[in-house]
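The exercises below are meant to be worked through with the sequence and the 3D view at hand. Please try each task before reading its solution.

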Amino acid sequence: MPTTMYGATGSVGTYLVSYSGLSDGTNEYFEVIKVENPLTTPTFALQFVNLGNIENTSAAYNDAPQLGTATAIETNDRRMYDAVWRDGSLYGATTIVGSGADAGQVTVYWAEIDVSNFAAPVVAQQGTIGGEGIATGAVTFFPSIAVNTNGDVGIGFSASAATIYGGAYFTWHDTADAAGTTRAPVTVQAGQDYYV
């Protein structure tokens, strides 16, 4: 996923950010490619960013249940859905198979990676956005991410469960919040019927 770039970028044209469940058996990794001087003499630099053990990549990647039908909503796969660069940091949003209250459910995952020293990128913060605050057993998927000039992070996503139709939701991480945390999800538009 090419990043949307905000702020003074210098020679960097963009970053390409990927997540596919790449794992060394314990830890998972973002793949980040920095593209410099894209219009004159392009150069590419690659880093694998260790996220820690964020998921069991051998677990089944399930679709989302929905109210009114046994047909589940396709949640696609592990991929980077959206990425933003602002002021030395990359922000990415993807989905993983969750743990804890979201065990075995597809769950939105987001991370901020400090790439100000691209030779040694650092995970500044990361977190998941489970659906239990929306409905019991809710699956969260198809995220988007945005970052304002204050460093506040907004994340839009879809959610669905056996008791609700698939709908659109939003949460955010305020710079005053603890690292990796997000506020309670807000309903943008509740689902109105099931998808087939």
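**Exercise 1.** Find the backbone atom that the side chain of T140 reaches, and describe the surroundings of T140.

*Solution.* The side chain of T140 reaches the backbone oxygen of I129 at 2.7 Å, which is a polar contact in the sense used here (a pair of N or O atoms within 3.5 Å, where within protein one must be able to donate a hydrogen and the other to accept it, and residues adjacent in sequence count only if both atoms are side-chain atoms). The model is predicted, so local features need pLDDT of at least 70 and side-chain atom pairs count only at pLDDT 80 or more, while totals for chains, interfaces and linings use all residues. Residues are numbered from 1 along each chain as its sequence is written, and side-chain values use heavy atoms, with hydrogens and water left out.

As a next step, place T140 in strand 11, residues 139-147 (strands are DSSP runs of E, at least two residues, numbered from the N terminus). T140 counts as buried because its relative accessibility is 0% (buried means under 20% relative accessible area, exposed over 50%, partly exposed in between, with a 1.4 Å probe and protein chains only). Finally, leaving out residues up to four places away in sequence, T140 touches several residues, among them T95, V106, I129 and F157 (contact means heavy atoms within 4.5 Å).

**Exercise 2.** Is E28 buried or exposed, and which side chain of opposite charge is nearest to E28?

*Solution.* Begin with the location, which is strand 3, residues 28-36. E28 is buried and yet has no salt bridge, since the nearest side chain of opposite charge, R78, is 8.0 Å away, whereas a salt bridge requires a side-chain nitrogen of Lys or Arg within 4 Å of a carboxyl oxygen of Asp or Glu. For charge, Lys and Arg count as positive and Asp and Glu as negative, while His and the chain ends are not counted. Then look for polar partners: a polar atom of the E28 side chain lies 3.2 Å from the backbone nitrogen of E55.

**Exercise 3.** What is the phi of N37 and of N76, and where do these residues lie?

*Solution.* Most residues other than glycine have a negative phi. N37, however, has a positive phi near 45 degrees, and it is found in the loop between strand 3 and strand 4. N76 likewise has a positive phi, of about 65 degrees, in the loop between strand 6 (69-73) and strand 7 (82-86). To finish, N37 counts as partly exposed because its relative accessibility is 30%, and N76 is partly exposed with a relative accessible area of 31%.

Notes. Helix = DSSP H or I, 4+ residues; strand = E, 2+ residues; numbered from the N terminus.
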